[in-house]
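Dear colleague,

I am handing over the structure we spoke about, and below it you will find what turned up when I went through one part of it. Please read the notes with the structure open beside you.

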Amino acid sequence: MQIPCPYCGTRDALEFTWGGQAAVVRPADPQSCSDEEWCRYLFIRSNPRGPHHERWCHTYGCGQWLDVWRDTLTHVVEHAALIGVPRPRSEPSA
Amino acid sequence: MGRMAHSILQLARHAISGHQRWPPFWRSPQARERYDVLIIGGGGHGLATAYYLARNHGIRRAAVIERGWLGGGNTGRNTAIVRSNYLAAPSIRFYDFSLRQYEGLSRELGYNIMLSQRGVVNLAFSRHQLRLMNRRVNALRHAGVASELLTTGQIRRLMPLLREQSSAGRRLFGGFIQRRGGVVRHDAVAWGYARAADALGVDIIQDCEVTGFQTRNGAVTGVETRHGLISAPRVGIAVAGSSSVLAAKLGFDLPITSMALQAMVSEPVKPVLDVVLDGAVYVSQSDRGELVIGGGTDVYTSYAQRSGIQRVEDTMATLIDLFPAFGRLRFMRQWAGLVDLTPDASPILDSSPVNGVCLSCGWGTYGFKAIPAGGVAFAHLLATGASHPMAQAFSLGRFQSGALIDEGGSAGMDDREPLL
């Protein structure tokens with residue numbers, strides 16, 4: 001598995017640390033949110049068989065956290081970008 | 001249909017005919033249109049559940065449907081270790097019940113599961129690790145489960161090939177053993193339960209993938225499969241690493257992530273290891289002489305039944321650091337299974353947000369040793385609609401209430417110290 005780091009180029013996945021689902025949002029006010037919302041924030045993570053939007057850190061490279069789109073079945077990494085940079089619309093494949 | 005007994009006479013008779021005329025162990029029926037209970041997943045848990053449904057609760061209009069073949073998932077991919085050396089009281093009770101069932105299972109099923117209670121040993125490489133083990137031994141004894149701390153001298157006698165001190169600075173401080181722990185022929189567990197469930201009238205349908213569910217007013221009415229619709233008012237899901245996929249089809253989320261857990265076997269050698277070593281790397285020697293070795297899960301979610309190279313390397317490095325002699329062995333096979341990990345490393349045995357659907361999942365890295373207890377408890381849940389007294393702690397609601405049962409240490413997930 002290889003991940004195309006926007007700074008370092010395509011590097012082996014061994015250099016990266018997996019950070020789980022991307023963009024998990026903490027409830028704005030933990031004191032007033034329901035147990036269900038808090039449970040969802042703490043414990044429920046997307047776990048699809050197929051494309052997954054997740055975070056990886058290039059630990060043994062530039063050290064940046066990245067947004068990565070990886071297929072959990074084929075382990076094909078479709079795209080990697082700095083956090084917050086929107087993913088470009090996929091080109092129609094030739 | 002009578003259950004065929006295995007005897008020397010049978011063996012001799014079939015030897016004469018070149019072992020070509022053994023009858024099949026179970027039927028391969030077409031799915032009926034309707035069952036009282038439908039179990040998804042023909043691994044150890046699904047098959048054991050079917051058996052106990054029929055035996056303990058008299059529910060014989062039941063079926064097990066399996067996407068692949070029986071025991072082809074984690075039941076046939078694990079390292080076959082059985083033990084009950086857990087930490088929290090509900091876990092110890094549950095897993096020791098499981099181990100006691102395993103102790104009588106060959107007799108109960110009339111099928112040799114080849115239980116070998118050779119002892120499961122964990123090693124401590126710091127005084128802190130040894131202190132945690134002391135706590136665990138005390139917790140086990142308090143719950144009435146025998147286990148004992150080991151001195152380095154005792155460990156030396158149990159595992160003569162173990163290197164106690166490595167150039168990397170690792171030093172053996174002690175360990176502990178559960179002598180009733182050991183290994184089981186894992187396929188035999190699936191086959192034994194399948195045969196016994198089939199003899200009680202349960203249909204076992206392989207090569208039958210679930211494609212969807214039918215519900216009415218928030219209650220399940222049937223399951224859509226590759227072989228067509230099967231109606232059932234109660235559906236049990238026991239599909240390990242695929243639990244989230246089926247839950248998504250039903251419209252709810254689970255606190256589960258799926259990861260690949262791998263194992264490998266070496267070429268066969270003469271007896272070199274009498275006990276099961278458990279911990280950051282776990283290894284035992286099979287009856288054929290192969291070393292059966294496992295390590296941690298991959299470090300990212302996966303639905304591929306193969307593992308990344310990183311864990312192969314970690315596992316091997318740790319093994320060879322412990323047993324330098326094993327560095328000369330060649331390896332024959334390496335594979336992985338998909339484990340369903342929960343945040344507290346304890347299972348979920350509960351009804352689901354969809355009426356009629358019950359869950360047996362979250363077994364994570366130790367589903368195999370839980371099969372008999374999981375089967376008894378899941379059958380109870382499916383038959384009565386109420387949690388088995390021994391499984392009440394393993395609720396889905398604990399993630400909201402906060403009553404977590406942290407068994408990360410028992411799963412080998414968080415009290416491992418890096419050895420190198």
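**A helix and its neighbouring strands in chain B**

Among the elements that cover the buried residues of helix α8 of chain B are two strands of chain B, β15 (282-285) and β16 (291-301). Please bear in mind throughout that this is a predicted model.

The helix itself, α8(B), runs over residues 309-322, which makes 14 residues, and it reaches 20 Å from its first C-alpha to its last, close to the 20 Å expected at 1.5 Å a residue. Its buried residues are B:Thr315, B:Thr318, B:Leu319 and B:Leu322. Seen down the axis of α8(B), these buried residues fall within an arc of 100 degrees, and therefore they line one face of the helix. As background, an α-helix has 3.6 residues a turn, so residues three or four places apart point the same way. On the face of α8(B) that is turned away from the buried side sit the exposed residues B:Ile309 and B:Glu313.

Strand β16(B), one of those covering the helix, is also joined to strand β13(B) by five bridges, with the two strands running antiparallel; within this pairing, B:Met264 has B:Ile293 of β16(B) as its bridge partner. Strand β13(B), residues 257-266, is mostly covered, since nine of its ten residues are buried. It also pairs with strand β17(B), residues 331-341, in the antiparallel sense and over ten bridges, and there the bridge partner of B:Thr257 is B:Leu341.

With best wishes

Methods: Residues are numbered from 1 along each chain as its sequence is written. Chains are lettered from A and ligands numbered from 1 in the order in which they are written. This is a predicted model: local features need pLDDT of at least 70, side-chain atom pairs count only at pLDDT 80 or more; totals for chains, interfaces and linings use all residues. Helices (H or I, at least four residues) and strands (E, at least two) are DSSP runs, numbered from the N terminus. The expected span of a helix is 1.5 Å times one less than its number of residues. A residue is buried if 20 or more other C-beta atoms lie within 10 Å of its own, exposed if 12 or fewer, and partly exposed in between; C-beta atoms are placed from the backbone. The arc is that of the directions from the helix axis to the C-beta atoms. Two residues are in contact if their C-beta atoms, placed from the backbone, lie within 7 Å. Two strands pair if DSSP finds at least two bridges between them.
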